[in-house]
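The following exercises concern helix packing and strand pairing. Please work through each task before reading its solution.

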Amino acid sequence: MDAQHEPVSTSAITRRRFLAASAATAGSVGLATLAETSTSAAASATLRVGWTTPPDVMNPFTFATTASNEILWLIYDTLLEYDIDLNPEPGLATRQSISADGKTFTYSLQPKARWHDGRPVTAADVQYTFEVTAKHNLGQAAWALADYASSQVINDHTIVIRYKAPQAFDPAMLIAIVPQHIFGPMSPSKILSYNNPHPIGSGPFMFNKWVTGQYVQVNRNPHWWGQAPKASSIIWNQYDNSDVMVQALVAGQLDILTEVPPVLFDSLTGKSNVKPVEMESFSFHHIGFNVSRNPKSKGNRLLLDPTIRRALAYSLDREQLVALALAGRGIPASVQLPPSFGAWQEKIPADQQFNNNPGKARRLLDAAGYKVGSGGVRTDRHGAPLSFRLIAIQTTDEDVLAGQIFVKAAEAVGIKLTLDTLDNTTLGNVVYNAAAPNWDIFIWGWDSASPDPDYLLSVDLTSQIGGNNDVFYSNPTYDRIYAQQAVQMNLARRRTLVHELQKIFYDDAAYCIMWYQSKLQAYRTDTWKGWRPTRGGMVYNFTRDNYLSVKPQ
Amino acid sequence: MRGSYWVRKLASLAATLYATVSFNFLLFHVLPGNPVQLLARSGHYDAAARRQLVALFELNHSLLDQYVIYLNNTLHGNLGFSYVYREPVTTVLGSAIGNTLLLVGTATFITVVVGVWLGVVAASRANSLTDATVSVTSLSLWSMPDFFTGMILIFVCGVWIHVLPISGIESSGLASGGLAHVLDIARHLVLPATTLVLVNAAEFSLITRNSLVDTLVEDYVLTARAKGVSRRAIVWRHALRNALLPIVTATALYVGMVLGGAIQVETVFSWPGMGLLIYNAVEQRDYPVLEASFLIFAIAVIVTNFASDVLYRLLDPRVRRT
């Protein structure tokens, strides 16, 4: 279950963070019965969550939205889970051992685990789930099983899973275990087209109902193997409009919001019984340069020169970007991994960062022979002007603002940028046209699919051209070191490799990463207690612990 | 003579429908980008998984073949498979159509009744202060975009005085069925329906007023008055019936138009009908849902126009003779 982080995606079908101006555009439906008086949530023990991102499908093999993930991951269990600090903890199973070569994993299942229809969860269900996912590439988590070799059921509650290569990241964190007696009889294409109207899992909550475009309700599973959650039901209410949603929280009709747009966040400070919380996220926003070497690329080839890319990166002041475009709700960025990754993040010393040094940018361009021509725009030796197209998502206000700042900054070093805005899906289609990309520079962002660095580092692999690789970056050294870290079981050695990757990618400057935005959420203090802020968010995060541990007041 | 009229009428109806269906298909298939690209890049889908998706959505055929498949499916009532919801489009549309009909049906009924009544009031006191007030107020309301009127209502009723639910169709967590559920939906219906009525009643009040003012100077009205028929009876029984023709036409056009016009109102009030569905489908490039929705809108417009033609002939003998 990995489509985890996509807080305010409007398209809601890609992990790319189209941090749209808020969810104002995320079409969907609300339920702000503002008129109704605040019913005591505690009395009914119903936890009411507000969001603007509609779920798509309740099938763990086909869902594509973060919202579906949030729900499904309380209905289904994974073998291992993330605790509140995002460290692995036992889930449906306890990991008994990993072989010395890092290829064989043994798990023992919770003996009390039962499906919501009463049947026991067995090792055969686990085997079925891993087999069908790996063999037929089903679902977003299938990538984690690329090295899957085989599995062996030792007894009803013990299973051994073998991989062809060592697994630095345990795929058991990602694969939602499904009941074989429900999915087993289906063909792969049937599974892909199955909407799973009433999901049966083994998790702490049981599916109750989904009123399309309105709300989803799950009820506590009285027979769950773990410690029973205090909430008897959870309801996720959909809103079409963030303002209405925030009003509903203030009025007491909601208990927590998955995302608060920065412009509304400040207005919550000082409101009675409402607590806005700013946390680190697993996300960044960046400026991407088209570095495609595809002969059919219609991107400006001058951008293949790293000097120009670095000069553009030098022209920008990250502090200013955060202050102006993000209203201060984030931190200036450098490498791909945000600080939420802790020790995994490579620290680039301030004096070595391509940041806020227009003088250095000019010197680099002068030295490379890009002379200032007519109108203050530099040209190359053949007289071609350093003039590029810049595109951003029109509804993502902070990106558009960053684009405007970037145009000015580039102009100051003799590079002309022409800013254009597109709707998010169109921009996605333009950028991802790997066969013949016809663009120069774009702005958008990424959310990590897991708190492991693997996902964000994998985006710009050569093998992801045609997939996630949004700038068509290709560097064999990067690819090689990525492959090494993925199979490195020694934590310290893997960390060194991960740092090296970030440094290489930073120096190549195919991305100019602008900021790591904050995760902004808010909850009521008079309905539920025990919310624990953590990096990535109290809810809408990799851990489901807050849902399980909060208590009615 | 009569038979050939119907043949001509039905043939043109069929031709219009065919052209609409084909245009619909082309419109969405020549747009750049495809759903598999959108879905596939959200995960680490490999080539085999992509091919699986392409086959699932029947995008592995040539454009011409897809067109033939589409025509064939449409004829058999199969409107395709939603890329986003992974359900047949007919299922996705089912509840949305019901919700839209509830909103639009209620609103249309009230709009026509209120509009005609206001028109009659204005016409029977033509050129008085009442007439001027009705006309100016309706014109002002009519000239406001419906989403704007909706937002004003949200602000007044939801934020200021907290009297009515401002979004959605029902409260979460209520048991389905039962009187409480019905009342809950009715409460949610008030504001969006009121918005549609406020904005659109003007159309009917103005048409009624003008048509009635013309009728009230006819000779037979004078005759009736001479016979001592009450003013009320003259207006409601004699004149209004004759002034009704343009109102019938307007109602037919209105129904076709308001289906599309409800997009804005549904979005503002998060009413889960066709409008909101289309809005989301555009965002998510769910082409089969878009194709089917536009097809339904087109059919609604074509059929209501056809019905108004027919009704017109029934109501007015003069049309039949021409």
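**Exercise 1.** Determine which residues of H9(A) meet which residues of H11(A) in this predicted model, and classify the orientation of the two helices.

*Solution.*
Step 1. On the side of H9(A), the contact involves A:Gln320, A:Leu321, A:Leu324 and A:Ala325; they meet A:Glu398, A:Leu401, A:Ala402 and A:Ile405 in H11(A).
Step 2. Sorted by class, this contact of H9(A) with H11(A) comprises six nonpolar residues, one polar residue and one charged residue.
Step 3. Helix H9 of chain A spans residues 318-325 and helix H11 of chain A spans residues 397-412; their axes lie 10 Å apart and form an angle of about 135°.
Step 4. Angles of 65 to 115 degrees count as roughly perpendicular and those over 145 as roughly antiparallel; H9(A) and H11(A) are therefore oblique to each other.
Step 5. The handedness of the crossing of H9(A) and H11(A) is right-handed.

**Exercise 2.** Establish which strands pair with E21(A), in which sense, and whether the residues of E21(A) are buried or exposed.

*Solution.*
Step 1. Strand E14 of chain A (residues 283-289) runs antiparallel to E21(A), and four bridges join them. Within this pairing, A:Gly288 has A:Tyr511 in E21(A) as its bridge partner.
Step 2. Strand E15 of chain A (residues 330-332) also pairs with E21(A) in the antiparallel sense, over three bridges. Here A:Gln517 in E21(A) stands opposite A:Gly330.
Step 3. Strand E21 of chain A covers residues 511-517, and seven of its seven residues are buried, leaving the strand mostly covered.

Technical notes: Residues are numbered from 1 along each chain as its sequence is written. Chains are lettered from A and ligands numbered from 1 in the order in which they are written. This is a predicted model: local features need pLDDT of at least 70, side-chain atom pairs count only at pLDDT 80 or more; totals for chains, interfaces and linings use all residues. A residue is buried if 20 or more other C-beta atoms lie within 10 Å of its own, exposed if 12 or fewer, and partly exposed in between; C-beta atoms are placed from the backbone. Two strands pair if DSSP finds at least two bridges between them. Axes are lines fitted to C-alpha atoms, for helices over the stretch in contact, and angles run from 0 to 180 degrees between N-to-C directions. Angles under 35 degrees count as roughly parallel, over 145 as roughly antiparallel, 65 to 115 as roughly perpendicular and the rest as oblique. A crossing is left-handed if the near helix is turned anticlockwise from the far one by less than a right angle, and right-handed if clockwise. Two residues are in contact if their C-beta atoms, placed from the backbone, lie within 7 Å. Ala, Val, Leu, Ile, Met, Phe, Trp, Tyr, Cys and Pro count as nonpolar, Asp, Glu, Lys and Arg as charged, and the others, Gly among them, as polar.
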